[in-house]
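Work through the exercises below with the model open. Try each task before you read its solution.

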Amino acid sequence: MKIGIIGLGKMGFNLAENCVSAGHQVVGFDLQLPELDEHQTGITLVDRLTKMIEQLPQPRIIWSMVPSGAPTEAIFQEMMALLDPEDIFIDGGNSNYKESVIRGKLMAEKQLYFFDVGTSGGMKGAREGGCFMIGGNETIFKKIEPLFSGIAVKDGYLYTGSVGSGHYLKMVHNGIEYGMMQAIGEGFDLLEHAPYSFDYEKVAKVWNNGSVIRSWLMELTQSAFEKDQHLEEIQGIMYSSGEGKWTVEESLEQQVATPIITMSLMMRYRSLYPDTFSGKVVAALRNEFGGHDVKKN
């Protein structure tokens, strides 16, 4: 396939390289085009979206990997104006599922196909094999399924149903992620105050080999402590990008109790004030898997 990818940041660029490795041709666009050797990456860069449209065969497949909110809305409006009937637009960012439902309806009115794709696995997953939760028209999905099967980790993609379902599933996924990272952070915070001296890198390593709590997050915990034994170089500020808040709001709407996810969101807000060691751990984890910014001391 030949596809367009909008947004060549930490996730989008790795996704583009993954697509090329899977045998697809990629036309890439970003407001700040990276300096690439097209012969090495296989990614053709364009400085205008109209050029991308011109270079893609119909029906076009365009995948957006820009931040949610205003950037995604701006790209959506441009696609509404530029795309032709039967073209496919994929939003792979962390958009609110309610906004995705609206965008799907607006595109359907113009005979365009909208897919909301929850994307997980961090930068490494985007490059080597991601996890995708895909909402949209089922018939059209079958036509683009080879794209996902080629760039996902084994058993790492799922057609989730109608428009909105992909981002809904990713929203809940991220709420769970909040709770898991908070538990890890609190555990190491307790170790930091224990009457013993632990090597946190070795603790994370042994916990990740055979224990009940072994996981990729624990592997990333080990990686973070390997770089900085007591995370002294960063502040324990845990930024929140929105999905955890949406999960809590949805739980209130549905009257479903989510106390752990809710408290983990509150702790993110708490971390904006003087440092906690659990905040340092979660901030380090977010940097490890997603390249998210940390505040340095």
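The exercises cover one strand and two pockets of this predicted model.

**Exercise 1. Place strand β1 among its neighbours.**

Step 1. Find the strand: β1 spans residues 2–6. Four of its five residues are buried, that is, under 20% relative accessible area.

Step 2. Look for pairing with β2, residues 25–29. Five bridges join β1 to this strand, and the two run parallel. Lys 2 stands opposite Gln 25.

Step 3. Look for pairing with β4, residues 61–64. Three bridges join β1 to β4, again in parallel. Here Ile 5 has Trp 63 as its bridge partner.

Step 4. Trace the connection. β1, helix α1 (residues 10–21) and β2 form a β-α-β unit, and it is right-handed.

**Exercise 2. Describe the largest pocket and its lining.**

Step 1. Take the volume: about 1300 Å³. Of the 46 lining residues, Met 11, Gly 93, Asn 94, Glu 243 and His 292 are the closest to the centre.

Step 2. Assign the lining to elements. Those that supply at least two residues include α1, α4 (70–82) and β6 (113–120). Helix α8 gives the largest share, eight residues.

Step 3. Sort by class: 21 nonpolar, 17 polar and eight charged.

**Exercise 3. Which elements give two or more residues to the lining of the second largest pocket?**

Step 1. Start from the volume, about 150 Å³. Among the lining residues are Met 180, Ala 183, Trp 207 and Met 218.

Step 2. Assign them: α8 and α10 are the elements sought. α8 gives the most, with four residues.

Step 3. Sort by class: seven are nonpolar, two polar and none charged.

Notes:
Residues are numbered from 1 along each chain as its sequence is written. This is a predicted model: local features need pLDDT of at least 70, side-chain atom pairs count only at pLDDT 80 or more; totals for chains, interfaces and linings use all residues. Side-chain values use heavy atoms; hydrogens and water are left out. Buried means under 20% relative accessible area, exposed over 50%, partly exposed in between (1.4 Å probe, protein chains only). Two strands pair if DSSP finds at least two bridges between them. A crossover is right-handed if, with the strands pointing away from the viewer, the path from the first strand over the helix to the second runs clockwise. On a 1 Å grid over the protein atoms alone, a cavity is a set of points where a 1.4 Å probe fits but cannot get out, and a pocket is an open set with protein on both sides within 12 Å along at least five of seven lines; lining residues have an atom within 4 Å of a point. Grid points are joined across faces, edges and corners, and a volume is the space filled by probe spheres set on the points. Ala, Val, Leu, Ile, Met, Phe, Trp, Tyr, Cys and Pro count as nonpolar, Asp, Glu, Lys and Arg as charged, and the others, Gly among them, as polar.
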